[in-house]
Amino acid sequence: MTLKQKVSDLQLKKILSPKNIGKFALNVFLILPGVFFLFLGFRWLVAPDTAAAALMMPLLAGAGLNSQISDIGGMFLAIGLLTMGAVTTRKGDLLFSVALLLSCIAVYRVLSFTLHDATLIMQSLGIEIVLSVWFFIASKRMNAQERKNA
C-alpha cells in the first residue's frame with residue numbers, strides 16, 4: 001500500500017468516524033426545520049392567503065392583515081434564521097432561543113384553548129413540543145461541544 005493510499009484511508013476513516021457522522025446527522029436534523037421555518041416566513045410575505053390557509057386561519061384585512069403578516073411571518077423567519085445561525089456558528093444558545101420561542105407558542109396554544117375556548121390544533125401542538133425538546137437537546141449538545149473545543 002502506497003503512502004497516498006494510507007493517507008486516503010486515514011482521511012476516510014476520520015470522515016466516517018461515529019463523531020463526524022453524529023455531527024452530520026445533528027446538522028441535517030437542524031437544517032430541515034430551519035429551512036421549513038424560513039419557507040413559512042417568506043410565504044407570509046409573498047402569499048399570505050395560502051400561508052393563513054395552511055395554518056387554518058382566515059386572512060384578515062387592514063390593520064389585522066398587517067399584524068398577521070408581520071407578527072407571524074416575522075416569527076417564522078426569525079426562528080429559521082436563528083436555527084440556521086446556530087448550525088453555521090455552532091452556538092447552542094441560538095437553538096435555546098428557538099426552543100424557548102416554540103415552547104412559549106405551545107403553552108399559549110394550550111392556554112388559548114383552556115381560557116378562551118379556541119380550537120386546539122393537536123398537530124401544531126405536537127410539532128411545537130417535539131421541536132422544542134429537540135432544540136433544547138441539540139442546544140445542550142452544541143454548548144457541550146463548544147466548551148470541549150474551547
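The largest pocket of this predicted model encloses about 770 Å³ of space. Its lining comprises 26 residues, of which L55, F76, R109, S124 and E128 lie closest to the pocket centre. By class, the lining of the largest pocket is made up of 20 nonpolar, 4 polar and 2 charged residues.

Several helices contribute to this lining. At least two residues each are supplied by α2 (18–46), α4 (62–89), α5 (92–116) and α6 (122–149). Among the contributing elements, α5 provides the most, with 7 residues of the lining of the largest pocket.

The second largest pocket holds about 290 Å³ of space. Its lining is formed by K19, N20, G22, K23, L26, R90, R141, M142, Q145, E146, K148 and N149. Two or more of these residues come from each of α2 and α6, and α6 accounts for the largest share, 6 residues.

The composition of the second lining is 2 nonpolar, 4 polar and 6 charged residues. The nonpolar residues are L26 and M142, and the charged residues are K19, K23, R90, R141, E146 and K148. N20, G22, Q145 and N149 make up the polar class. In the largest pocket, by comparison, nonpolar residues number 20 and charged residues 2. Helices α2 and α6 each give at least two residues to the lining of the largest pocket and two or more to that of the second largest pocket.

Notes:
Residues numbered from 1 in each chain as written. Predicted model: local features only at pLDDT ≥ 70, side-chain atom pairs only at ≥ 80, totals over all residues. Heavy atoms only, no water. 1 Å grid on protein atoms, 1.4 Å probe; cavity = no way out; pocket = protein on both sides within 12 Å on 5 of 7 lines; lining within 4 Å. Points joined across faces, edges and corners; volume = space filled by probe spheres on them. Helix = DSSP H or I, 4+ residues; strand = E, 2+ residues; numbered from the N terminus.
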